[in-house]
Every structure is written in structure tokens, then in C-alpha cells.
Amino acid sequence: MNPGAEVSNRGFLLVLSGPSGAGKGTVLRRILAEQPGVELSVSATTRKPRHGELNGREYYFMSVEDFQSHIERGSFLEWAQVFGNYYGTPRPHVVERLSAGKIVVLEIDTQGAKNIMDQNPAELVTVFITPSQGDSLKQRLLHRGSEGPVDLTQRLANAPVELLDLPRFDYLVLNDSLDEAVEALTGIIIAERHRTHRFRGQINLVTDFPGRLSSGMSGPSVTP
Ligand code: ADP
Ligand code: 5GP
């Protein structure tokens with residue numbers, strides 16, 4: 001390809017949902033470490049930080065009053081109440097990173113995912129992640145040890161409710177083997193990145209594909 005040609009990919013919004021304990025965070029950490037151009041949107045929440053969580057890294061932790069004032073100002077792309085706390089996706093950051101050509105991952109619950117789907121954004125890919133057996137969720141949440149018995153019961157009870165929304169998602173990733181789940185999500189990201197409409201720039205038929213076509217053709221424009 002003509003080294004002068006500016007051919008690069010447009011970004012897209014990657015929504016990742018699934019029951020608590022499915023392994024969303026674990027799979028994502030691997031993807032973020034391995035895939036260039038993929039960034040995680042940091043949500044705001046009114047839940048208390050877990051041991052080891054940092055403000056601005058896992059979440060922007062805020063009071064209910066602050067969260068509600070952000071809702072009123074329209075600062076969230078979507079928000080929802082999940083397990084008794086507010087969670088929301090800050091809009092300005094997502095818009096800015098998408099226009100910079102990044103793949104922006106939203107790790108959000110299915111209410112938030114449906115909210116985004118209903119907004120019909122141009123560049124959206126949705127992935128549902130779950131182990132194939134409900135029992136694994138309980139084992140994983142117990143192993144994670146971040147919730148008390150009441151929160152744990154609430155999260156497990158919500159899993160079948162979230163599964164009802166599965167048909168609305170583009171892709172299903174089963175996280176029984178972590179390596180296979182990472183491989184599946186990587187495959188989805190790579191394939192989506194290669195959709196023709198996501199390429200922008202020009203391929204010059206004269207300089208990049210000389211020989212068979214008459215000179216003067218400037219060649220397929222892959223985007224406006
Ligand atoms: P989520 O973000 O979906 O709530 P986490 O990523 O926090 O879930 O994972 C929950 C727990 O399950 C963590 O302790 C994690 O180490 C573990 N885990 C994740 N994926 C797997 C897997 N494929 N097999 C076994 N344990 C897993
Ligand atoms: P946790 O408390 O375990 O970090 O997250 C609880 C649930 O809230 C998970 O299902 C997670 O995906 C969801 N969540 C996290 N951030 C957001 C957000 O910005 N919006 C919505 N709708 N859900 C979120």
C-alpha cells in the first residue's frame with residue numbers, strides 16, 4: 001500500500017455485559033494488556049470502593065447527590081441502578097476517545113446495554129459474557145470474596161434476569177476457560193476492526209495496484 005496513504009480504522013463502542021462473577025473484568029484486563037487501541041471507559045458509581053480499588057481507575061466514586069446532579073446535566077451516556085447503587089458512563093470521555101479512533105469498552109449491566117442499543121449509535125458492537133453453568137458464578141463470587149452474603153445473593157438472583165436479554169446482543173462469549181474466552185473476544189475485536197466501512201483513507205489504484213487499470217484512476221475510497 002502507498003506509504004503516503006492515510007489508511008486507518010475508525011473506532012467503535014464495545015459493550016460488554018453479563019452476570020456478576022462472569023469474568024468480565026478478568027477477560028477485559030487481558031484484552032486491554034494485549035490489544036492496541038482498546039480502551040476501557042471508567043464509569044461513575046455510588047457504590048463504596050472495594051479493597052484495592054482506586055478512584056479514577058476502577059470507578060469514579062461519588063455521592064448520590066453528585067451522581068444525581070450529573071444525571072440532571074446530561075453528563076451520562078447511560079446510567080442505571082444496579083444492586084441498589086447508581087452506575088453511569090461519562091459521556092464526554094467516550095465521545096472524545098471514539099473520535100480519536102479508539103475501541104471504547106463499556107463494561108455495564110444489561111439495562112445500560114439496552115439503553116445504549118436503543119440510542120442506535122452508528123458504531124456499536126455488543127458482547128454478552130457468561131460461564132455456561134450458573135454454579136460457576138457462585139464459586140467465582142465466593143472466590144473473589146468482595147461481597148457479603150446479602151450482596152452475593154442479590155447478584156446471583158439477578159443472573160437469570162440478565163440472561164433474558166442475551167438475544168439482543170451481537171455475540172456470546174462463554175467464559176468456562178479463561179484462555180478461550182480471551183481468544184473469542186480477541187477474535188471479535190479483530191474481525192470488527194476489519195469491517196470495510198471502518199477503514200478510512202484512500203487506496204490509490206495507480207500507485208498501490210499498478211498495471212491493469214488505466215492511469216488516472218484514484219481508486220476505491222474506503223470512506224468519505
Ligand atoms: P465480573 O467482572 O464479571 O463480575 P470478575 O472478572 O471479577 O467477574 O471474576 C470473578 C471471579 O472469577 C474472579 O475471582 C476471577 O478471578 C474468577 N474468574 C474469571 N474467569 C474465570 C474462569 N474462566 N475460570 C475460573 N475463574 C474465573
Ligand atoms: P460492580 O459493583 O461489580 O463493579 O458492578 C456491578 C454491575 O454494574 C456490573 O454488572 C457492571 O457491569 C455494572 N456497571 C458498571 N459500570 C456501569 C455503568 O456505567 N453503567 C451501567 N449501566 N452498569 C454498570
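**Two ligands and one pocket**

Let me begin with a single contact, in which a polar side-chain atom of tyrosine 59 comes to 2.5 Å from an oxygen atom of ligand 2. Please keep in mind throughout that what you have in front of you is a predicted model, so the distances I quote are computed from that model, as the sourcing of the model requires.

Staying with ligand 2, there are two further polar contacts that I would like you to find on the structure. Arginine 50 places a polar side-chain atom 2.7 Å from an oxygen atom of the ligand, while in the case of glutamate 78 the partner is a nitrogen atom of ligand 2, which is 2.7 Å from an N or O atom of that side chain. As for how well ligand 2 is covered, the protein buries 96% of the 520 Å² that the ligand exposes when taken alone. The elements that contribute two or more residues to its shell are the strands β6, residues 76-82, and β7, residues 85-90.

Around ligand 2 there are 17 residues, and of these the nearest are Ser43, Arg47, Tyr59, Glu78 and Tyr87. Sorted by class, that shell is made up of 6 nonpolar, 4 polar and 7 charged residues.

Let me turn now to ligand 1, which has 15 residues around it, with Gly21, Lys24, Thr26, Arg144 and Asn175 coming nearest. Which atoms of lysine 24 approach an oxygen atom of ligand 1, those of the backbone or those of the side chain? For lysine 24 it is a backbone N or O atom, at 2.9 Å from the ligand oxygen. With threonine 26, by contrast, the contact is made by a polar side-chain atom, which lies 2.5 Å from an oxygen atom of ligand 1, and arginine 144 likewise uses a polar side-chain atom, here at 2.8 Å from a ligand oxygen. On its own, ligand 1 has 560 Å² of accessible area, and the protein covers 77% of it. Two helices give two or more residues each to this shell, namely α1, residues 24-34, and α5, residues 134-144. By class, the shell around ligand 1 divides into 3 nonpolar, 8 polar and 4 charged residues.

Where, then, do the two ligands sit? Ligand 1 sits in the largest pocket, and the largest pocket is also where ligand 2 sits. This pocket has a volume of about 1200 Å³, and it is lined by 43 residues, of which Gly25, Arg50, Tyr59, Glu107 and Arg144 are the closest to its centre. Two of those names have come up already, since Tyr59 has a polar contact with ligand 2 and Arg144 has one with ligand 1.

Which element gives the most to the lining of this pocket? The answer is α1, with 6 residues, although β6, β7, α5 and α6, the last of these spanning residues 149-163, also supply at least two residues each. By class, the lining comprises 13 nonpolar, 15 polar and 15 charged residues.

Before I stop, I would like to point out two backbone details. Phenylalanine 83, which is placed in the loop between β6 and β7, has a positive phi of about 50° although it is not a glycine. Asparagine 120, also not a glycine, has a positive phi of about 55°, and its place is the loop between α4, residues 110-119, and β9, residues 124-130.

Methods
Residues are numbered from 1 along each chain as its sequence is written. Chains are lettered from A and ligands numbered from 1 in the order in which they are written. This is a predicted model: local features need pLDDT of at least 70, side-chain atom pairs count only at pLDDT 80 or more; totals for chains, interfaces and linings use all residues. Side-chain values use heavy atoms; hydrogens and water are left out. A residue is near a molecule or strand if one of its heavy atoms lies within 4 Å of it. A polar contact is a pair of N or O atoms within 3.5 Å; within protein, one must be able to donate a hydrogen and the other to accept it, and residues adjacent in sequence count only if both atoms are side-chain atoms. Accessible areas come from the Shrake-Rupley method with a 1.4 Å probe; for residues, only the protein chains shown count as cover. On a 1 Å grid over the protein atoms alone, a cavity is a set of points where a 1.4 Å probe fits but cannot get out, and a pocket is an open set with protein on both sides within 12 Å along at least five of seven lines; lining residues have an atom within 4 Å of a point. A molecule sits in a cavity or pocket if more than half of its atoms lie within 2 Å of its grid points. Helices (H or I, at least four residues) and strands (E, at least two) are DSSP runs, numbered from the N terminus. Ala, Val, Leu, Ile, Met, Phe, Trp, Tyr, Cys and Pro count as nonpolar, Asp, Glu, Lys and Arg as charged, and the others, Gly among them, as polar. Grid points are joined across faces, edges and corners, and a volume is the space filled by probe spheres set on the points.
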